[in-house]
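Biologist: I'd like to learn how to read the contact surfaces in a model. Can we go through it together?

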Amino acid sequence: MTVTAELTQEQLLRGYRTMRTIREFEERLHIEIANAQIPGFVHLYAGEEAVAAGVCASLADTDWVSSTHRGHGHAIAKGCDVKGMMAEIYGRATGLCKGKGGSMHIADFRVGMLGANGIVGGGPPLVCGVGLASKVRGDGTVGVAFLGDGASNQGTFLESLNLSAIWKLPVVFVVENNGYGEATGQAYHQSVADTAKRADGFGLPGITVDGNDFFAVAEAAAEAIARARDGHGPTLLECKTTRFFGHFEGDTQTYRDLSEVTEARASRDCLVSFRARVTRAGLIDAGVLDAMDAEIRQLIDESVVEALAAPFPDASQLTTDVYIKY
Amino acid sequence: MARKLSFLLAINEAMHQEMARDESVIVLGEDIAGGAGGSAGNDEAWGGALGATQGLKTKYPNRVLDTPISESAFIGAAVGAAAAGMRPIAELMFVDFMGVCFDQIYNQAAKFRYMFGGNAVTPVVIRTMYGAGLRAASQHSQTLYPLFAHIPGLKVVIPSNPYDAKGLLIQAIRDNDPIVFFEHKALYELEGEVPEESYTIPFGEANIVREGSDVTIVAVGRMVQQSLIAAETLAAEGISVEIVDPRTISPLDEDTIYESVENTGRLVIVDEAHPRCSFASDVGALVAQNAFHALTAPIRMVTAPHSPVPFSPSLEDLFVPSPEKIAAAVRGVMNAKAGARR
């Protein structure tokens, strides 16, 4: 049953579940990191959930996404196991990558998650390759590269726009424009207000949407993904959004007026607007969403408890998995 | 008598045979066909900058892709396609150009398997030309395999003759780890016996190119050929040289090197790369640590100097280790004694 222009009820429920899971996951990590329980660098995705959830609403397990250093949201939206992710972030042997990757390298090829990526702009060329494989095999799969406004200045991204356009690859580039490349504002780091305009120079469609609006993202992404699947080539989809936390956990954020975040949390929270829209329209009962919220809170609680109880990797793991055969 | 083929055509034949055998093999790179979009309407004008990919585009039009001059994008695309189940062969025309795409090789391809907990398979081959001798100056002549051998997760293959070039390339294409395959430009014309049928040479198995009893030379790529010339000269002087060609420097067949040094007691390493933190210094350090008991003379390295590759023929000829310099180093270790000052 289609309940909006493009979305089925199943897609709506999945979208909400994804967004709420990401939010709970990230808010909980924020607390656990303050408690000094997590090793290393962590970059939280809270505030940007509508982008990952909206885009992945039109993807199957056989489709691929490349992600960024801020990758938890993409991993959850693409179907990575939440408990496996949590254990990975805690550096445990039960983690999705056996504790060898950590927050910045969560991947699961079985569900088309090509990996969070510690290199800004590392993903777009890889997604061109996924698109090339799809095209050569003719299997109809699509690749999506998530990147930030910061990465949109990297040569890898601009080269990938060109390569995908000339080869008409079945790929979509999703720029999550949260206004900051690390600590540097977009107004300083690029000379266009809309990153999507860069598509014009490469001969592919560029679209800008409100990245805090699940419906806007999902509908634009559905169209771009269908276009890719049908052999009409790549699209650049820019989603303007807000990062609720700093660039990394521990970032004092002295580069921005934190009323930006207060204001975004109060008036542009994708979960709040989603709930208001679907309940007001009578599409989903509020009780269904409440029950889902409780279920997700429990899942995140369990994932933290289980991660903390899990063993660290054995010393023998230090030099395994370097090669398949050496 | 077996068929003779040039190094270049051995490489070409390996790709033709593997593309015929396995539909997941694709080839991409700059001007590997050449001519697309040109006014001549000839979509296979070049077949590669020096012709290594000739004939592939005509035979497999959908699996052979010319790329724009855009190394980050297409080397990365090869890596991504490999992760998605293909077996791409990407041609990075000159290894000197890896500076603009190294991230996709050493941070992406090389690390997927480890970072992702053993769940990734990335069977990509990056073929690339290296080496001095074509008067191509500082940015088209370098011998950069030490940079790749340093990176865990990559395999580094350096054939020295046409037979090995074909067998090692077929092995590389069938191998499931990311591989950088080094082809010396000055070897392309070298002819040798190459079977018509398909065959593989395992990685990490050194080849004893010439047996001898006085001095072990360890060399790869073009330096094997230079060492063979030196060995002939030295034989006439009564010095018996054994030449060990590891063929792959990552993995490295250490045992064959140690066994040879145990037989000869002397080691000269010949390497066209710069001397610091190099293949030569690596082998020297390994032998010093693991076969010190066998040494009767100090280890000597014959390498390029610690300078960029010069343009002028008079300087470039001094840059490349010559058979004369190799022979001089061998005579040096014949006369030297362990424990004596240099």
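Biologist: What area is buried between domain 1 of chain B and domain 2 of chain B?

Modeller: The size of an interface is often given as the accessible area lost when the parts come together. Here the two domains of chain B bury about 2,100 Å², with carbon and sulfur atoms giving 55%; buried area is the accessible area (1.4 Å probe) that two parts lose on being put together, summed over both. This is a predicted model, where local features need pLDDT of at least 70, side-chain atom pairs count only at pLDDT 80 or more, and totals for chains, interfaces and linings use all residues. Side-chain values use heavy atoms, without hydrogens and water, residues are numbered from 1 along each chain as its sequence is written, and chains are lettered from A and ligands numbered from 1 in the order in which they are written.

Biologist: Where do those domains start and end?

Modeller: Domain 1 of chain B covers 4–193 and domain 2 covers 207–335, with bounds from an automatic or database domain assignment.

Biologist: How many salt bridges does the rule find across that interface?

Modeller: A salt bridge is a side-chain nitrogen of Lys or Arg within 4 Å of a carboxyl oxygen of Asp or Glu. The rule finds 3 between these domains. Elsewhere, across the interface of chain A and chain B, it finds 0.

Biologist: And what area is buried between chain A and chain B?

Modeller: About 3,300 Å², of which carbon and sulfur atoms give 66%. On the chain A side, A:Phe109, A:Tyr323 and A:Ile324 lose the most area to chain B, together 18% of what that side buries.
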